[in-house]
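User: Could you take a close look at one part of this structure for me, the place where the two domains meet? I am new to this, so please walk me through it step by step.

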Amino acid sequence: MNLLSVADLPLEDLERILKKADDFAPGVGDPTAIHREKTLALLFFEDSTRTRVSFERAAKRLKMEVMNFSVGGSSMSKGESLRDTVKTIEATGIDVVVMRHQASGAPWQVASWIKSSVINAGDGWHEHPTQALLDCYTIRKATGVIEGLHVVIVGDIKHSRVARSNVLALSRLGADVTIVAPYTLLPPNIDSWPVWVSQDLDVVIPKADVIYMLRMQRERQTASLVPSLREYTASYGLTAERAECLPENAVIMHPGPMNLGVEISADVADLPCSLITTQVKHGVAVRAALLHEIL
Ligand code: NCD
């Protein structure tokens with residue numbers, strides 16, 4: 001079994017993994033399901049803090065062996081292809097490959113070359129399914145339900161794999177999703193997404209149950225898509241003033257890494273209703289549940 005896209009997960013699988021995550025939360029004792037004889041390979045061709053550490057901790061919850069591959073220092077610098085690299089790694093005895101790559105679709109190619117299971121930990125602008133799983137888990141833990149919730153996703157939607165995967169997962173679980181972004185940061189096919197679209201954050205904020213802020217993905221932007229970061233923050237940043245207009249029980253989320261002072265201010269990120277650290281914590285449990293499901 002692979003997890004390449006949220007689209008691979010029918011509702012019952014999605015629900016089962018979210019339910020199973022409760023058994024794998026750090027600090028609730030050793031899980032009974034262990035996979036001592038299994039090996040996980042982390043293949044990160046793009047930088048990561050949370051996702052990489054979280055998968056490593058998740059695998060260790062299951063007592064798996066973890067193999068960390070770093071591109072720098074490997075034979076890829078001598079011109080070895082991605083195909084030969086992953087086949088070489090697999091030949092050492094690997095059960096699950098977790099990969100992040102700057103090219104959209106790369107995990108699908110890798111999955112066609114090897115027999116091990118492949119988990120997409122982010123491919124270009126395309127998808128980041130485990131981020132969506134941990135976000136759904138976090139929302140459900142905080143609010144009790146997802147069905148009927150109004151989730152507002154704000155920022156650089158065009159370049160965000162987190163937004164793509166979350167929209168798929170949240171809409172499958174019955175949430176109403178509104179996207180708030182300037183036209184230049186919307187994907188060209190936004191009309192086919194199951195979402196409402198707005199350019200006015202101040203109108204949407206008082207109706208949000210969850211407000212999910214995204215980073216400006218400047219490393220993926222090829223043109224100047226906003227007049228200036230200051231103007232972007234003025235219209236689309238979650239400032240303390242805007243956070244005050246959220247409904248009483250609303251929660252604030254961000255996948256990290258944050259650009260403090262751009263899409264979210266430092267004081268807002270630290271509010272009691274901010275789930276940003278909880279998202280990271282839940283990432284370990286959800287990924288352990290997913291690994292257990294795959295194995
Ligand atoms: C995100 C990513 O890398 O896609 N971060 C993450 O995995 N938690 C979002 C981002 O980089 O902005």
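Analyst: Let's start with a term that will help us later: a polar contact is a pair of N or O atoms within 3.5 Å. Arg215 gives a good example, with a polar side-chain atom 2.7 Å from an oxygen atom of the ligand, so this pair falls within that cut-off. Please keep in mind that you are looking at a predicted model.

Now to the two domains. The domain assignment splits the protein chain into domain 1, made of residues 6-127 + 280-294, and domain 2, residues 129-277. Taken over C-alpha atoms, their centres are 25 Å apart. Where they touch, domain 1 contributes 31 residues and domain 2 contributes 27 residues.

How much area do domain 1 and domain 2 bury between them? The value is about 2,600 Å², with 62% of it on carbon and sulfur atoms. On the side of domain 1, the residues that lose the most area to domain 2 are Val6, Leu18 and Trp125, which together make up 27% of what that side buries.

Next come the polar and charged links. Between domain 1 and domain 2 there are three salt bridges, while a search of the whole structure finds nine. In one salt bridge, the side chains of Arg140 and Glu15 meet at 3.0 Å, N to O. Lys141 and Asp22 also form a salt bridge through their side chains, at 2.9 Å, N to O. That second pair links distant parts of the chain: Lys141 belongs to helix 5 (residues 129-143), Asp22 sits in the loop between helix 1 and strand 1 (39-44), and the two are 119 residues apart. Across the interface as a whole, 13 residue pairs are in polar contact.

Which elements of domain 1 supply at least two residues each to the side that touches domain 2? They are helix 1 (11-20), helix 2 (50-61), strand 3 (96-101), strand 4 (117-123) and helix 11 (276-294). Helix 11 gives the largest share, seven residues. Sorted by type, this side of domain 1 has 15 nonpolar, seven polar and nine charged residues.

Finally, back to the ligand. The residues surrounding the ligand include Arg50, Thr51, His128, Arg161, Arg215 and Pro255. The side chain of Thr51 has an N or O atom 3.0 Å from an oxygen atom of the ligand. Pro255 uses its backbone instead, where an N or O atom lies 2.9 Å from a nitrogen atom of the ligand.

Definitions and conventions:
Residues numbered from 1 in each chain as written. Predicted model: local features only at pLDDT ≥ 70, side-chain atom pairs only at ≥ 80, totals over all residues. Heavy atoms only, no water. Domains from an automatic or database assignment. Contact = heavy atoms within 4.5 Å. Buried area = accessible area lost by both parts, 1.4 Å probe. Salt bridge = Lys/Arg side-chain N within 4 Å of Asp/Glu carboxyl O. Polar contact = N/O pair within 3.5 Å; in protein donor to acceptor, adjacent residues only side chain to side chain. Helix = DSSP H or I, 4+ residues; strand = E, 2+ residues; numbered from the N terminus. Nonpolar A, V, L, I, M, F, W, Y, C, P; charged D, E, K, R; others polar. Near = heavy atom within 4 Å.
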